[in-house]
Amino acid sequence: MHLRYVSNTASSTSATPDSNPANNNGSAPGATVVTALTPTADLVTTKTGSTSAIAGTTVSYTISTVNNGPSAATNVTVTDSIIPGLLGVVVSNGGTYNSTTGIVTF
């Protein structure tokens with residue numbers, strides 16, 4: 001959580017002459033508004049590549065995820081569901097394939 005401090009001041013003006021313009025600013029001592037801002041990430045995941053395959057052929061695809069912010073994204077896990085029980089699955093960039101569930105996790 002991020003905190004943002006905002007001054008809380010008020011003032012007045014008039015077209016009519018003011019006998020004491022020095023007292024037209026009304027900022028209360030210690031009047032600070034504290035607003036709690038919740039960090040917000042905007043993750044966008046795309047998958048490109050083959051949409052179908054013939055049995056016995058190799059299929060390749062790319063998954064990418066970006067954070068459009070404005071805050072940093074933490075503890076992000078990207079998953080992809082493919083067919084369970086496949087043989088010879090190669091996952092790059094530190095990903096793993098669970099052959100029982102068919103889930104690829106990054």
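**View A. Ala-73 sits in the loop between β4 and β5.** Helices and strands are DSSP runs numbered from the N terminus, with H or I over at least four residues for a helix and E over at least two for a strand. This is a predicted model, so local features need pLDDT of at least 70 and side-chain atom pairs count only at pLDDT 80 or more, while totals for chains, interfaces and linings use all residues. Residues are numbered from 1 along each chain as its sequence is written, and side-chain values use heavy atoms, with hydrogens and water left out. With a relative accessible area of 29%, Ala-73 comes out as partly exposed (buried is under 20% relative accessible area, exposed is over 50%, and partly exposed is in between, with a 1.4 Å probe and protein chains only). If you skip residues up to four places away in sequence, Ala-73 touches Ala-41, Leu-43 and Asn-67 (a contact is heavy atoms within 4.5 Å). Try picking out Asp-42 as well: Asp-42 and Ala-73 are 31 residues apart in sequence, and their C-alpha atoms are 8.0 Å apart.

**View B. Ser-71 is another resident of the loop between β4 and β5.** The relative accessible area of Ser-71 is 16%, so this serine is buried. Its contacts, leaving aside neighbours within four places in sequence, are Pro-39, Thr-40 and Ala-41. Ala-41 is worth a second look, as Ala-73 touches Ala-41 too.

**View C. A cis peptide bond joins Gly-69 to Pro-70.** If you like checking backbone geometry, omega for this bond is near 15°. Pro-70 belongs to the loop between β4 and β5.

**View D. Asn-75 has a positive phi, near 50°, in a residue other than glycine.** Look for Asn-75 in the loop between β4 and β5. Its relative accessibility is 78%, so Asn-75 counts as exposed.

**View E. Asn-93 is not a glycine, yet its phi is positive, at about 55°.** This asparagine is found in the loop between β5 and β6. Asn-93 counts as exposed because its relative accessibility is 75%.

**View F. Pro-84 lies in the loop that runs between β5 (79-81) and β6 (96-98).** A relative accessibility of 44% is why Pro-84 counts as partly exposed. Set aside the neighbours within four places in sequence, and Pro-84 is in contact with Tyr-97, Ser-99, Thr-100, Thr-101 and Gly-102. Take Gly-102 from that list: C-alpha to C-alpha, Pro-84 and Gly-102 are 3.8 Å apart in space, with their positions 18 residues apart in sequence.

**View G. Three strands make an open sheet in the order β5-β7-β6.** The pairing here is antiparallel (two strands pair if DSSP finds at least two bridges between them). At the edges are β5 and β6, each of which pairs on one side only. Follow β5 across to strand β7 (residues 103-105), and you'll find three bridges in the antiparallel sense. To get your bearings, start at Ser-81, whose bridge partner in β7 is Ile-103.

**View H. Zooming out, the chain has seven strands and zero helices.** Going along the sequence, you read the pattern as β-β-β-β-β-β-β. Of the 106 residues in the chain, 9% count as buried; Ser-71, from View B, is buried. Residues 24 or more positions apart supply 42% of the contacts in the chain that have a separation of 6 or more.

**View I. Here is how the model's confidence varies, with a chain mean pLDDT of 80.** The pLDDT score is the predictor's confidence in each residue, from 0 to 100. In this chain, 71% of the residues reach 70 or more. Which element of the chain has the lowest mean pLDDT, and which the highest? The lowest is strand β1 (residues 2-7), with a mean of 52, while β6 has the highest, at 95. You've already met β6 as an edge strand of the sheet in View G.
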